[in-house]
Structure formats: C-alpha cells, structure tokens
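Subject: Structure for you to look at

Hello,

I am passing on the structure we spoke about, with notes on what turned up in it. Please open it first and keep it beside you while you read.

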Amino acid sequence: MNNKEFTSELADRLGYTIKDTSELISSLLSDMTQELEDGNVIAIQGFGSFEVKKKAERISINPSTKQRMLVPPKLVLSYRPSNTLKDKFK
C-alpha cells in the first residue's frame, strides 16, 4: 500500500476528504518527527513505540583489505511493536 492508497482508505473510513486526511497525516508525522528530534519516546497503544537511540562508536574491519576503521557514533530510530501487535502475527 502506497501513500496515496493509504490516504484514500483512511479518508473513506473517517469520512473526511482526501485533502483533509492528507493534511492530518502530514501534521501527525510532523509532530512525531519533532518529538523524536527532541529525544522523546512515542508510544502508541496497541501499535508500539518509537525511540531514538545512540549507537556507540566502534571499530570496523574491511574484510578485503583488513584495514581497521573507526565508525563514528550515530543516532538511529528504533521501533518496538506492542505485545498486542505481536500476538496478532503469531
């Protein structure tokens, strides 16, 4: 399902126009992005939680040249599904 199909399906279910639904989705994603940038965890009941985690600095070895390289620390987005969602897929 692509973005256009998702927006159309959600508009049908909610009874809104596609334009209003698209603005709603954009607003939701914008707010979620801002919260994650601020370092907050977003927990959606029955779905899961999103969190920004910091990966530590590490040493990596190129297998072909055997050269060691330092990989700098970075921030990664992680998602953890809720137990309810996990149970649906068992």
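Across the interface of domain 1 and domain 2, zero salt bridges are found. Bear in mind here and below that this is a predicted model. The two domains come from a domain assignment, which gives residues 1-37 to domain 1 and residues 39-89 to domain 2. Their C-alpha centres are 25 Å apart. In terms of contacts, four residues of domain 1 touch eight residues of domain 2. About 510 Å² is buried between the two domains, and carbon and sulfur atoms give 66% of that area. On the domain 1 side, the residues that lose the most area to domain 2 are Met 32, Glu 35 and Leu 36, and together they account for 95% of what that side buries.

Salt bridges do occur elsewhere, and the count comes to two.

One of them joins Glu 9 and Arg 13, with 3.1 Å between the closest N and O atoms. Both residues belong to helix 1 (residues 3-14), where they sit four residues apart, about one turn of the helix. Glu 9 has a relative accessibility of 34%, so the residue counts as partly exposed. Arg 13, at 67%, counts as exposed.

The other salt bridge is between Asp 87 and Lys 90, whose closest N and O atoms are 3.8 Å apart. That distance still meets the cut-off, because a salt bridge needs the nitrogen within 4 Å of the carboxyl oxygen. Here Asp 87 is partly exposed, at 48% relative accessibility. Lys 90 is exposed, at 82%.

Next, the aromatic residues. There are three aromatic pairs in the structure. In one of them, Phe 50 and Tyr 79 have ring centres 5.0 Å apart and planes at 40 degrees to each other, which makes the pair tilted. Phe 50 is in strand 2 (residues 48-55) and Tyr 79 is in strand 5 (residues 74-81), so this pair ties together parts of the chain that are 29 residues apart in sequence. Which of the two residues is buried, and which is partly exposed? Phe 50 is the buried one, with a relative accessible area of 17%. Tyr 79 is partly exposed, at 36%. The cut-off for buried is under 20% relative accessible area, so a value of 17% falls below it and a value of 36% does not. Ring pairs also bring in Phe 47, which forms a cluster with Phe 50 and Tyr 79.

Then there is a hairpin to look at. Strand 3 (residues 58-61) pairs with strand 4 (residues 68-71) in the antiparallel sense, over four bridges. Within this pairing, Ser 60 has Met 69 of strand 4 as its bridge partner. Arg 58 stands opposite Val 71, also in strand 4. The two strands form the hairpin with six residues between them.

Lys 66 is in the loop between strand 3 and strand 4. Its phi is near 60 degrees, a positive value in a residue other than glycine. Lys 66 is also exposed, with a relative accessible area of 63%.

The loop that follows strand 4 and leads to strand 5 holds Pro 73. Pro 73 is partly exposed, with a relative accessible area of 39%. Which residues is Pro 73 in contact with, leaving aside its neighbours within four places in sequence? They are Lys 54, Lys 55, Ala 56 and Glu 57. Of these, Lys 54 and Lys 55 fall within the residue range of strand 2 (residues 48-55). Ser 30, in contrast, is 43 residues from Pro 73 along the chain, and the C-alpha atoms of the two are separated by 25 Å.

If you want a route through the model, start with Met 32, Glu 35 and Leu 36 on the domain 1 side of the interface. Go on to the Glu 9 and Arg 13 salt bridge in helix 1. After that, look at the cluster of Phe 47, Phe 50 and Tyr 79, and finish at the hairpin of strand 3 and strand 4.

Regards

Key
Residues are numbered from 1 along each chain as its sequence is written. This is a predicted model: local features need pLDDT of at least 70, side-chain atom pairs count only at pLDDT 80 or more; totals for chains, interfaces and linings use all residues. Side-chain values use heavy atoms; hydrogens and water are left out. Rings of Phe, Tyr and Trp (its six-membered ring) pair if their centres lie within 6.5 Å; planes under 30 degrees apart count as stacked, over 60 as edge-to-face and the rest as tilted. Buried means under 20% relative accessible area, exposed over 50%, partly exposed in between (1.4 Å probe, protein chains only). Two strands pair if DSSP finds at least two bridges between them. Domain bounds come from an automatic or database domain assignment. Contact means heavy atoms within 4.5 Å. Buried area is the accessible area (1.4 Å probe) that two parts lose on being put together, summed over both. A salt bridge is a side-chain nitrogen of Lys or Arg within 4 Å of a carboxyl oxygen of Asp or Glu.
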